[in-house]
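Let's take a walk through this one together, going from the contact between chains down to a single residue. Have the viewer open as you read.

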Amino acid sequence: MTHHLRVASVLTAVSAALLLAACGSSSSSKTASTSAAGGTSSGPTVPYKTGENMATETLNPNGTKGGMLTSYSSEDYLHLDPGAAYFSGDYTALYPTQRTLLIYPPNSSTTLAPNLATAVPTTANGGITDNGLTITVHLQPGVKFSPPVNRVVTAKDVEYAIDRGANPNVGNGYFQAYFGNLKGAASAKGGPFPGVTTQGNDTVIFHLIKPTDATLIGALQMPLTAPVPEEFAGPLDKKSPSQYGTYLVATGPYMFKSDPKTGKVTGIGYQTGKSATLVRNPNWSASTYTSAYKPPAYLNQINVNIGGEAAVIGQQVLKGTGVVQEDTPAQSIVKQAYEQYPTQIEFAPGAGDHYGGLDTTSPPFNNVNLRRAVWAAVDREAIVKARGGALVAQPLTHFITPGTDGYKESGGAAGPNYPWNTDVNGNMAEATTLMKAAGYPGGKYTGNATLQVVAGNNGNAPAVAQIVISALNSLGFKTHLSEVDQSVMYGKYCGVPKQHINVCPSSGWIRDYDNPLTILYVPFNGKAIVPTNNSNFSNFNDPTINKEMDAATLIQDPAQGAQAWANIDKQLVDKAVGVPEEFDTQPNIRAANIQGVGDLWNVGSWDYAYTSVK
Amino acid sequence: MSAGAPELLLEPESVSESVEIVPGDILARSPRQLFWRRFRRDRVATASAAFIIVLIVVAILAPLVVKLLGLQGPNVQNPNALDAFGSPTGPSAAHPFGVDQLGRDVASRVIYGARASLIVGIVGTLVATLLGTAMGLLAGYYRGWTDTFISRTVDVFLAFPVLVLGLGIGAACEVRGCFSIGGTKLIQPGIVTVIFIIMISSFTYIARIVRGQVLSLREKEFVEAARSLGASNSRILFREVLPNLLAPLIVYASLLIPVNILLEAALSFLGVGIRPPTASWGQMISDATPTFSTAWWYMVFPGAALLLTVLAFNLVGDGLLDALNPRGDR
């Protein structure tokens, strides 16, 4: 999913190290032990203080029921439709309101738990049969939709939810990547297709054409799997774009405040760019959870304030009561919190990174040596500093993020040993050599093109954009920088391949689930390019690499799979498919009187269903 | 405000003083000499004028000045000047005004920022003055439908919310620009658009003043005399009326410059002005806002430069106004 612009939304190696320690995989990142926080190979380590490492959080079992939370986010939601949402900010409102089939509990980003389903499908419990070609999921009985639909959720609602993933009006960005191996998925257009069938009211069956059961099961925690009532959403889905999102129905403990008769959310529970209000879902019942995952839903209401300066929000959160910041704190706030309010900041080790998109389908960056020159020239340490220093970032040296299979195999913190990748401070000599190899004997770009650069305008994004621009200018490129709101950046420019924006320095990625596929496929596979909501920011389409990714998804042995994905990762660095920036650790801040529980799998964003007011 | 007719340049005192006349010690002075004499007596205005001249010289010779002071260039990013959290460090021997969030030297950027402010302030005012004078001349001299049409147009532009217009242009034309002619986009956030916005917002001020002046001038005897001699309208406009407008125009234009410098700073602050990384005081103040509590130098120095520049122009303008109109009734 796409990352917050600011803040190293990418989980850095450090957090990854802690995570790896938890799930037992060995890697060089394990040397960054539980006591040390950020640390680059050359930079200073800044230790976490007690309670700051979100990887060791508890799930707040004894929270006080009741109360109202005010949640500040300087970034707006991109989509409220669970079929379209693909952004960490959207997820903070979606997961408390929509019950996906599976879910990661807040304190784990590796072990799935059942949510709407009764169990995670395995071979042992009969969930996986036919040698991995059939996946069967049973639904919790008695789960009801919120007003105005009010009835019990059935298997048909889950089937419809997944069907609409192929509907162009919905604009889902990962249907083909994660559900593409279901029977008939390749040609599905929003109607029923043979890959998803139901049996009775409470059984959903998935039929795969290839045994990629692990991929599919991981995808069952994506928002697309949250049930959608066809009688309510069908007419809305006929419009282009779909109006489901303006009108919504919930299945989670909370819902967007809406018109009780029509279910309209926009203008009532969501003022675009201004605010959102989440209230309790009257039809939600805590007894419909039978596994370890049982959201306590302490809060009565969540008021989301959208917009504003990150630095101002940070002050309000650190000094206020009853407030949290939902998106990335500004770099100066991170420092202030770490030094003066250490009990109010927590760092989430995670699986995210930031890198800039470089349009590979138009000049000049269709030339691989020019891309390599940019890779060599960028000062990644400066970008780390702009995000907040070693505490929150480490230089990006390849694309599989710390904490995911294949990170170590791909070179770990140092990454693959290509000449343009070795110096994280930027190496102009190497860049000049590559410019010459690209056909510019003077070592500087002499063409006529002015590069279009579109970056975010809030938080740390402008500073990072300046660093990238500085590298481009030193190579002789003329640049035209536009700083826009992040939703505009993704929605209108960087997420629309036709715009051919040359450089998008503020983009980033968080893995969708615990599988290297989810870091490399959607951002770098040609088949994942979609006309809107595109997340392959470089429009990268290499048939050889596409084929290798398809082959890697079929590998059952985790070690072999890790190696296969690492090989792909190395090739992506070889082809310099983006502007390298950093691996992130996400800081999350809250007021002193908030017992915060963050979702580790979603950059530690505060989980409204677990957080309480003290 | 009306400034009175140019005849006020005649100093009453030179007529009413009763002093023994000795050849050589009282010379008849031209209005211009009287004007400068009065201006020079105003110490504050003279000092401000000197400051402005120094500022202009520094702006023109910015690369040399930066080199002489031993500072880094304005766009040189230096992450080593940031601390472990990426926060900027304050004033030091190497960086007398501290650094900004990218490690760039603030003193260097303040010096280069003078260019943006002065160019936009002076050129924008010049363009606004030209346009306003033309419209005021035509409206005041020809009256009738011409006056009505021009005056209503000026009223419409006076009602324009300029900052909102700037924001709108910024939002709409940010990435691809608007209104292309032959491949080049005319409107894009940047220096040309800023000058355009300044022109729209200030020409109205000049137009109204000029119109008022022309309305009174056209009734004067020398204009009647010229007309009776058969002078054409354009000759009267350019030879009789316009020269008498020059002095007030200089004064009001000089009072307009600081307003426009502030407008440029405001537009840059809002993100629709000079494009980064080009240094601009407004942009620097905008960037400094989130970190003011921890990095005061980043806002204080460009803010002080802006304050002093605007103040200097205002004082010079007031000095010119006083020199033009010694009776003091405005």
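**From the chain contact inward**

Start where the two chains meet: chain B puts 18 residues into the contact, and chain A puts in 34 residues. On the chain B side, those residues split into nine nonpolar, seven polar and two charged. Keep in mind as you look around that this is a predicted model.

Now turn to chain A on its own. Its domain assignment gives domain 1, made of 13–47 + 350–586, and domain 2, covering 83–244. Measure between their C-alpha centres and you should get 30 Å for domain 1 and domain 2 of chain A. The contact between these domains draws 19 residues from domain 1 of chain A and 19 residues from domain 2 of chain A. Look at the domain 1 side of it: helix H1 (13–23) and helix H14 (517–524) of chain A each bring at least two residues to the side that touches domain 2. H14(A) gives the most there, with three residues. By class, that side of domain 1 of chain A has 11 nonpolar, five polar and three charged residues.

Over to chain B, and a pair of helices. Packed helices like these are described by the angle between their axes and the distance between the axes. In chain B, the axes of helix H3 (residues 43–60) and helix H12 (residues 297–324) come within 8 Å and cross at roughly 130°. H3(B) and H12(B) are therefore oblique to each other, and their crossing is left-handed. Who does the touching? On the H3(B) side you'll find B:Val44, B:Ala45, B:Ser48, B:Ala49, B:Phe51, B:Ile52 and B:Leu55, which meet B:Thr309, B:Ala312, B:Phe313, B:Leu315, B:Val316, B:Asp318 and B:Gly319 in H12(B). Sorted by class, this helix contact comes to 10 nonpolar, three polar and one charged residues.

Last stop: B:Ala81, which sits in the loop between helix H4 (62–68) and helix H5 (106–142) of chain B. Is B:Ala81 buried or exposed? Count the neighbours: 20 other C-beta atoms lie within 10 Å of B:Ala81. The cut-off for buried is 20 or more, so B:Ala81 is buried. Leaving out residues up to four places away in sequence, B:Ala81 touches B:Thr89, B:His95, B:Val99 and B:Gly103. For a longer view, pick out B:Gln188, 107 residues from B:Ala81 along the chain: their C-alpha atoms are separated by 33 Å.

Definitions and conventions: Residues numbered from 1 in each chain as written. Chains lettered and ligands numbered in written order. Predicted model: local features only at pLDDT ≥ 70, side-chain atom pairs only at ≥ 80, totals over all residues. Axes fitted to C-alpha atoms, helices over the stretch in contact; angles between N-to-C directions. Helix = DSSP H or I, 4+ residues; strand = E, 2+ residues; numbered from the N terminus. Parallel < 35°, antiparallel > 145°, perpendicular 65-115°, else oblique. Left-handed = near helix turned anticlockwise from the far one by under 90°. Contact = placed C-beta atoms within 7 Å. Nonpolar A, V, L, I, M, F, W, Y, C, P; charged D, E, K, R; others polar. Buried ≥ 20, exposed ≤ 12 C-beta atoms within 10 Å, placed from the backbone. Domains from an automatic or database assignment.
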